Amino acid sequence: MMGAGIVGRFCARCGAEEARYIHGLCSRCFWEDPEIKVPPEVRLFYCRVCRSHMQGKRWFRMKSKLLREDMEDAAMTEVARLAELPEGVSISYVRAEVLKEDEEGLPKRLSLKVGLEEAACGTTKEVESLAKVSYMECSACDGATRGAYEATVQVRGEGREVDAEDKKAIEAAFREVDR
């Protein structure tokens, strides 16, 4: 009797038989996929004065009171921005370890452990990356250091975000005061 044998499922790449497959591959072959690219190194920029960090072209205040926690969050954002991951794969965590500090004791180089998670089967993998940290002054601290500001004014909307129309009115009011 030909063809009477039981045909099982197997990995399309290596032939391994497993209980679960991800896109037709065993978990080992899936995680070896060249489409999964985590940057080997990222750059982080921090203000030497207020510890804000730069994302793109904007400065953001620290979310955590601990610089290391904030650096892990900033590194996760930067790794996620640069990573090339197939659909269903996400970054679940980034843990940082300081490899080198500057003369003031501020982190200059970090070793990153990046956790990747595949959603369909829940398999995970940890990869390594590095972060170089550079320090400079953010635009607000630079202006304050140069004496460019006579005062800092904070404007808030009552129970809502300040919109473009509000900003125009505020700018007009400052132009009027500046005359």
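**Burial, salt bridges and a cavity**

Colleague: At 12% relative accessibility, does Asp-102 count as buried or exposed?
Modeller: This is a predicted model, by the way. The cut-off for burial is under 20% relative accessible area. Asp-102 comes in at 12%, so the residue counts as buried.

Colleague: Which residues does Asp-102 touch, not counting those up to four places away in sequence?
Modeller: Asp-102 sits in the loop between β4 and β5. Leaving out residues up to four places away in sequence, Asp-102 touches Arg-48, Lys-108 and Tyr-135.

Colleague: OK, on to β5. What is the relative accessible area of Leu-110?
Modeller: Leu-110 lies in strand β5, residues 107-118. Its contacts beyond four places in sequence include Leu-44, Met-71, Val-98 and Leu-130. Leu-110 is buried, and the relative accessible area is 1%.

Colleague: How far apart in space are Leu-110 and Arg-68, C-alpha to C-alpha?
Modeller: In sequence, Leu-110 and Arg-68 are 42 residues apart. In space, C-alpha to C-alpha, the separation of Leu-110 and Arg-68 is 9.9 Å.

Colleague: Arg-68 forms a salt bridge with which residue?
Modeller: Look along helix α2: Arg-68 and its partner there are four residues apart, so about one helical turn separates them. Arg-68 is exposed at 52% relative accessible area, while the partner counts as buried at 16%. The closest N and O atoms are 3.7 Å apart, and the residue paired with Arg-68 is Glu-72.

Colleague: And Glu-128 with Lys-113, how far apart are the closest N and O atoms?
Modeller: Glu-128 is exposed, with 57% relative accessible area, and Lys-113 is partly exposed, with 27%. The two form a salt bridge, with the closest N and O atoms of Glu-128 and Lys-113 separated by 2.8 Å. Glu-128 is in strand β6 and Lys-113 in β5, so the pair ties together parts 15 residues apart in sequence. To repeat the distance you wanted, it's 2.8 Å.

Colleague: How many salt bridges does the count come to?
Modeller: Another of the pairs is Glu-32 with Arg-28, at 3.5 Å. There is also a network linking Glu-41, Arg-109 and Lys-132. The count of salt bridges comes to 10.

Colleague: Last one: which element supplies the largest share of the lining of the largest cavity?
Modeller: The search finds one cavity of 30 Å³ or more, with a volume of about 40 Å³. Its lining consists of His-53, Gln-55, Lys-63, Asp-70, Asp-73, Ala-74 and Thr-77. By type, that's one nonpolar, three polar and three charged. The largest share, four residues, comes from α2.

Methods. Residues are numbered from 1 along each chain as its sequence is written. This is a predicted model: local features need pLDDT of at least 70, side-chain atom pairs count only at pLDDT 80 or more; totals for chains, interfaces and linings use all residues. Side-chain values use heavy atoms; hydrogens and water are left out. On a 1 Å grid over the protein atoms alone, a cavity is a set of points where a 1.4 Å probe fits but cannot get out, and a pocket is an open set with protein on both sides within 12 Å along at least five of seven lines; lining residues have an atom within 4 Å of a point. Grid points are joined across faces, edges and corners, and a volume is the space filled by probe spheres set on the points. Helices (H or I, at least four residues) and strands (E, at least two) are DSSP runs, numbered from the N terminus. Ala, Val, Leu, Ile, Met, Phe, Trp, Tyr, Cys and Pro count as nonpolar, Asp, Glu, Lys and Arg as charged, and the others, Gly among them, as polar. Buried means under 20% relative accessible area, exposed over 50%, partly exposed in between (1.4 Å probe, protein chains only). Contact means heavy atoms within 4.5 Å. A salt bridge is a side-chain nitrogen of Lys or Arg within 4 Å of a carboxyl oxygen of Asp or Glu.
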